[in-house]
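Me: I would like a close look at one part of this model, the largest pocket. Please set it in the context of the whole chain.

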Amino acid sequence: MGLEKEKSDTSIIMDEDEFNRSIEPILSKKGKVYAAEPDRDPNDVNAHLKVGFEDVVAEPLSAHSFDKVWIGSHAAFELVKFVIYRLLTTLLAVPIAFILGLVFAVLSCIHIWLVMPVIQSCLMLLPSVQIVWRSLTDMFITPLFNSMGKSLSSIQVQTTEN
């Protein structure tokens, strides 16, 4: 009743080697050999955006629309998604890429010329601060806690149950 039945009726089983042999003469006659489209997202940064019609609209077995309505809505979804994406990227891709280039250039400059020198300066000063802190601790805090420990060590606590 649904699209699933149509897909299974029209499937063609062809060996991959046979398919490659059958298409090679056609491509070589025209003189143009098309390479595979390069992957523009090799690290799957936007894997969550790979949304198909079946991910958005799904009819359970108990409620199916007419096959023509299902096919038409699928085609309309894919066409609108394709056209609007192309239109928006045509209008916004270059300005947004320009702005993002500026942002990352400023962030890189700040990181290289401001953040890292400050961190390196702190790391150079830390051994001196560590020596001063250790001597202050040895002069004031250690004697205080040693005397408190000696005073409180003579206290004995006994618990009794009634």
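Reply: Start with the space itself. The largest pocket of this predicted model holds about 860 Å³. Its lining is made up of 15 residues. Closest to the pocket centre are Arg40, Asn46, Leu49, Lys50 and Tyr85. By class, the lining splits into eight charged, five nonpolar and two polar residues.

Now the fold around it. The protein has four helices and zero strands. Read from the N terminus, the order of elements is α-α-α-α. Of the 162 residues, 4% count as buried. Take the contacts between residues at least 6 apart in sequence: 53% of them join residues at least 24 apart.

Next, the loop between α2 and α3. Helix α2 covers residues 16-30, and α3 covers 53-56. Asp44 sits in the loop that links these two helices. Its backbone is worth checking. Phi of Asp44 is near 50 degrees, a positive value in a residue that is not glycine. Asp44 is partly exposed, because its relative accessible area is 43%, and the partly exposed class runs between 20% and 50%.

Then helix α4. This helix takes in residues 67-152. A straight helix of 86 residues, at 1.5 Å a residue, would span 128 Å. The end C-alpha atoms of α4 are only 87 Å apart. A bend can be placed along the helix. At Leu92, α4 bends by about 45 degrees. A proline follows within four residues, namely Pro95.

Lys81 also belongs to helix α4. Its relative accessible area is 38%, so Lys81 is partly exposed. Lys81 and Gly52 lie 29 residues apart in sequence. In space, their C-alpha atoms are 9.8 Å apart.

Back to the pocket for a final check. Arg40, Asn46, Leu49, Lys50 and Tyr85 are the residues to display around its centre. Eight charged residues belong in the view of the full lining, along with five nonpolar and two polar ones. For the wider view, add the bend of α4 at Leu92 and the positive phi of Asp44.

Methods. Residues are numbered from 1 along each chain as its sequence is written. This is a predicted model: local features need pLDDT of at least 70, side-chain atom pairs count only at pLDDT 80 or more; totals for chains, interfaces and linings use all residues. Side-chain values use heavy atoms; hydrogens and water are left out. On a 1 Å grid over the protein atoms alone, a cavity is a set of points where a 1.4 Å probe fits but cannot get out, and a pocket is an open set with protein on both sides within 12 Å along at least five of seven lines; lining residues have an atom within 4 Å of a point. Grid points are joined across faces, edges and corners, and a volume is the space filled by probe spheres set on the points. Ala, Val, Leu, Ile, Met, Phe, Trp, Tyr, Cys and Pro count as nonpolar, Asp, Glu, Lys and Arg as charged, and the others, Gly among them, as polar. The expected span of a helix is 1.5 Å times one less than its number of residues. The bend at a residue is the angle between axes fitted to the seven residues ending there and the seven starting there. Buried means under 20% relative accessible area, exposed over 50%, partly exposed in between (1.4 Å probe, protein chains only). Contact means heavy atoms within 4.5 Å.
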